[in-house]
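Visitor: I am new to this structure and would like a close look at one part. Please take the place where the two chains meet, and then set it in its surroundings.

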Amino acid sequence: MITRIKILDIIIKKLQATKESYCGRLYGTFIDNTIVLLGLQLDNNNDNLYSVPAEVDFYGIFQGYSDNEDVDEILTKCAKIDVTDTPVYLAINISDSNNVVCNIISNNKISPIDYELVSASDLYTNFFHVRLTGNLLLNCEINEKGIIESFLNLRKDLVSGVTAFKLPKLNVILSGKNNENDIIGLPGDPTIADVFESSDLSEGNQKKKYIEKQLSLDVIDVSLLRKVTKDESSIEEKKHAPVVVLDKKSFEILKLPLSIDTLSLVNRNSKLSSLYNILLESVVKNLRLYEAELHSYLKNNNLQGKVGKPEVLHFFPEECGHFITRVIFEQSEEQSRRERQSLHDLLLLSRQYPLFRRANRYQFLKGNRNNMPLINPHKAVKATSNGGKICLVKGKYEYYHYCQNKMDDNGWGCAYRSLQTLASWFKLQGYSDREVPTFKEIQKCLVDIGDKPASFVDSRQWIGSTEVNFVLNTLLGVTSKILYVSSGDELAYKGPELINHFEQHGSPIMIGGGVLAHTILGVDYNQDSGDLKFLILDPHYTGGEDLNTIVNKGWCGWKGTDFWDKTSYYNMCLPQVPREV
Amino acid sequence: MARYAEGENYLLKYITEIPNDYKCAVGLILGQISSQKYHVIHFAKTPQFQDDENKKSGKPLETMKSISEVNDSWVADHARQTTRMLPGGLHVLGLFLVTDEDVLNPFHSKLRSLLTAINKILGQQNYLFGNNTNEKLILHYSGKNKRYQAKTYDVASLSVQPVDFKFIQKGSKWMTFECEYEIDHIYYLNKNDSEGPLKKHIKVILDSINSKLNRGLILFDNDFKDVEDKIDNLYKKKKTARGSSNKTVDHVENKPILVTILEETALHELPDTIELINIGGQIRIVGQVVSKTWFNSKTSIGEVIQAVKEDIMRSLATRVDMHWDSLTEEELGEEINSVHEPPRRVLITLPECNVTISDYLFPGEGPEDVKASLEELLDIVSHGDLEVSDLEGQTDISQYYQDSTGEVESEDILPQIATDPNKFKFFLGLGTALLILFISIIFHLVGN
């Protein structure tokens, strides 16, 4: 049967945008006789394979060329790919405006093949992400040999038949026995989709209800179990009654806590029983990642005093198209920044904004998100018809408005809410690790910097764009540009400046005038007619988190210049965004 | 709170024959409480007591004439040592008394002090799980009027209650649960804490094993069971499939039910920091504990889970205790690398009721060596017809010898603190607190 190829659209876009003759490898997975390419990395010494979910592997290479392709080199590289007999080769002709041609390699021959472009949201509807967590403790002698040996032993131990997995919400256990009964708690061997779609347990389901246009991933939680009694699947070794071995050798030992936290990408239609080996692979992958990071950490750092335990974080940059899992040791900001930079470079990602800071981590839903602020409600807003250049906020923000978290700020809290929306943007973009400040924190901050008297805390006094600027600067270290206009009419002429802000910075803007505060999420500027429209997020909304109401009643929507009060002056706070990763 | 007790006729036969030889005797009632009922499986007459002085001077044993002559601590120690042999879920339920005195109406003060002593000693020891209730069962039999009567006595509230004790032809069914629990636990000795008795460190390790066990997830025949369910449902309810199940379990009655214990690794607490420690050595406990437990069919799954955990801990604690007791001062000093080999568990089928109890054999001992303790503690005289399963296996010590010296090319030598069967000395008797005092010989492996 002929293998089909699907390629995630952003891969092709990224390759078309390259300016040098890059070469690298393509990540993919295999489903229904189709190779699905969903990521890429440059060829260098860093192998990032332990950072991608289990079941994602190298399925091909890409190479930019300007004159002639080096066929031998391509064949040699492809020969190293062992998960498929027909690896994919994407050829990028630099001299022909980066035209990308998809080839398949079979029997040492390169032949062009058609491919289908898919979007991330279409692609991931075919998959579940399974997130496996558990705790392990590694003890090793603190030298290279000791570390390698200990990790090796731990991996050997885990694959020796003692590992089992539990689907906590279902009370189902997958044990590694090689017979039919290795699913405990469920009859037969259903597909993964059968098990999870009906039960409404995967976390994507709730999200879909109110944010249609956003990429939603179905994530299943699984926990790591260890069998401590013998059964048929145990590898037979010589058994004996417990003995106590006392070894009085003194040496230095490293106790490394390992929070296992690892992802697998699984076909919805796979049988549940097939999950066992995939999960086992994902633990092993996670351990290898830990080991690699530990080695590289010890090259640059001394383990002195208390060093916090390494942290596992998952990232899903939309620019990347797949999950990247990082194991992060406590180290200097400079080292972390260098690591992030090289990761950006490796994955051909822009260094203009952060994607792999702690705050960028993927937020797995813990329970119900129904009462949480909506993310990016403007994605559901109908397009404008101004025919101009549209520039919108980049990335994600949370919609803060009146009366959230059981607080009645109706009539005075609108600028606070707009400030919270701005702060959420900085958090969700990864610039700040800080949670969105509460009203009290905002007020206290203004008192602390001497802008307001102590009585301001817990008062119901409103704030304006100047205060918003102060707080963003003090709590988040963000500087803002302040734009003044003397009347609502004058706002109509701010098109170029606002376009520039959204292009360069992409952060939401807080605008205050008279007694009202709003958030500007974007503009539609028609250069020919001079017409300007504003995408407004209105903090005066007092209802629940209902996207339909918010969009249909215009709490988030496009407004003309007549939205502004002609007799009032306005101040805008434009948060400036640093260019760093 | 149990008000009913039952036992099979062999027990009645045992107790009614005692007056042929003894005017007054006391002994232990062994069994299980489930669904408000005492299920008695065995009576074990306490051996005659003789103090050290009389023993030395070679005086013959004097038979007791009255209950007031019973030595409390002697009987209590009998209860403690017998409990060590019982699988989890079985207990010393109380005492039987054979005497023509009227001891139950009114409740004899000697009985109160005896039962209090037993309750105390059974409650003292960690991981013995000797008392599952403060209420003790007493059965009195008088050879003169050939009548028996039973009561319970609550050592906490001091209240005495009547019990309806019935001897029947065939008691209710027992179900068996089996598992092999594997231990591989490494404990690091802090540099400044590496001295001091090994015993102390082992206690910490036992605590840690116990807490892991307590958080374990338990499956029966590879399936989840509701803790409220009664175990006889394990046989009755076959997998009437939800959908197309191929899980039809052919349960042969009396086939043991496999217990699987799983640890949720997420429940293991991890330190918040990477630790770098200078250690003064390490202790590794490695091996398997074979567990076989027996339950009346009306027992709940929850009770079985608890009892299986208790069985494993009781067995582990018993064997390390026996091991320490067998060592000399120097051996306990643990200044040297060594492999300690505590005795292994063997299972002995009680002749009358099929339930298995445990005995512990030191390295080099074989099944024939269980005879003595069986006779001493359980009053079972065997004629070579005992069914003994020696399942746990003995260690090939050299494997650990290589582990700890082979690769580090250490100069250390690893003596094995265990065994030379020819040099065993047994003190079969209850005068000392030891079941068996085992003097081990340090066996240097120099040049091996």
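Guide: What follows starts with the meeting of the two chains and then moves outward into each of them. The model is a predicted one.

The contact between the chains takes 50 residues from chain A and 73 residues from chain B. On the chain A side, several strands each supply at least two of these residues: β9 (127-141), β13 (219-227), β14 (243-247), β15 (251-267) and β16 (307-308). The largest share comes from β15(A), with eight residues. Sorted by class, the side of chain A that touches chain B holds 22 nonpolar residues, 14 polar ones and 14 charged ones.

One of these strands also pairs with a strand of the other chain. Five bridges link β14(A) to β11 of chain B, a strand of residues 273-296, and the two run antiparallel. Within this pairing, I285(B) of β11(B) is the residue opposite V244(A).

Now to chain A as a whole. Its secondary structure consists of 13 helices and 25 strands. The domain assignment gives three parts: domain 1 covers 4-118, domain 2 is made of 127-235 together with 249-360, and domain 3 covers 377-575. Between the centres of domain 2 and domain 3 of chain A, taken over C-alpha atoms, there are 39 Å. The C-alpha trace of chain A spans about 90 × 65 × 50 Å along its principal axes. The radius of gyration of chain A is 27 Å, which agrees with the value near 25 Å that a compact globule of 581 residues would have. Of those 581 residues, 41% count as buried. Contacts that reach along the sequence can be sorted too: of those in chain A between residues at least 6 apart, 71% join residues at least 24 apart.

At the start of chain A, strand β1 (residues 4-8) has parallel pairings with two strands. With β3 of chain A, residues 34-42, β1(A) shares four bridges, and there K6(A) faces V36(A). With β8 of chain A, residues 116-118, β1(A) shares three bridges, and L8(A) has V118(A) as its bridge partner.

Chain B is likewise assigned three domains: domain 1 (4-168), domain 2 (173-329) and domain 3 (336-448). The centres of domain 1 and domain 2 of chain B, taken over C-alpha atoms, lie 31 Å apart. Where these two domains touch, domain 1 of chain B contributes 13 residues and domain 2 of chain B contributes 18. The domain 1 side of this contact is made up of five nonpolar, seven polar and one charged residues.

Further along chain B there is an open antiparallel sheet of three strands, ordered β14-β13-β15. Its edge strands are β14 (356-361) and β15 (387-389) of chain B; each has a single partner strand, so one side of each has no neighbour in the sheet. From one strand to the next the twist averages 30°. Strand β13 of chain B, residues 344-349, is joined to β14(B) by six bridges, and in that pairing I348(B) is matched with I357(B). Across β13 and β14 of chain B lies helix α7, residues 301-326, which runs at about 30° to β14(B).

Definitions and conventions. Residues are numbered from 1 along each chain as its sequence is written. Chains are lettered from A and ligands numbered from 1 in the order in which they are written. This is a predicted model: local features need pLDDT of at least 70, side-chain atom pairs count only at pLDDT 80 or more; totals for chains, interfaces and linings use all residues. Domain bounds come from an automatic or database domain assignment. Two residues are in contact if their C-beta atoms, placed from the backbone, lie within 7 Å. Ala, Val, Leu, Ile, Met, Phe, Trp, Tyr, Cys and Pro count as nonpolar, Asp, Glu, Lys and Arg as charged, and the others, Gly among them, as polar. The radius of gyration is taken over C-alpha atoms; the globule rule is 2.2 Å times the number of residues to the power 0.38. A residue is buried if 20 or more other C-beta atoms lie within 10 Å of its own, exposed if 12 or fewer, and partly exposed in between; C-beta atoms are placed from the backbone. Two strands pair if DSSP finds at least two bridges between them. Axes are lines fitted to C-alpha atoms, for helices over the stretch in contact, and angles run from 0 to 180 degrees between N-to-C directions.
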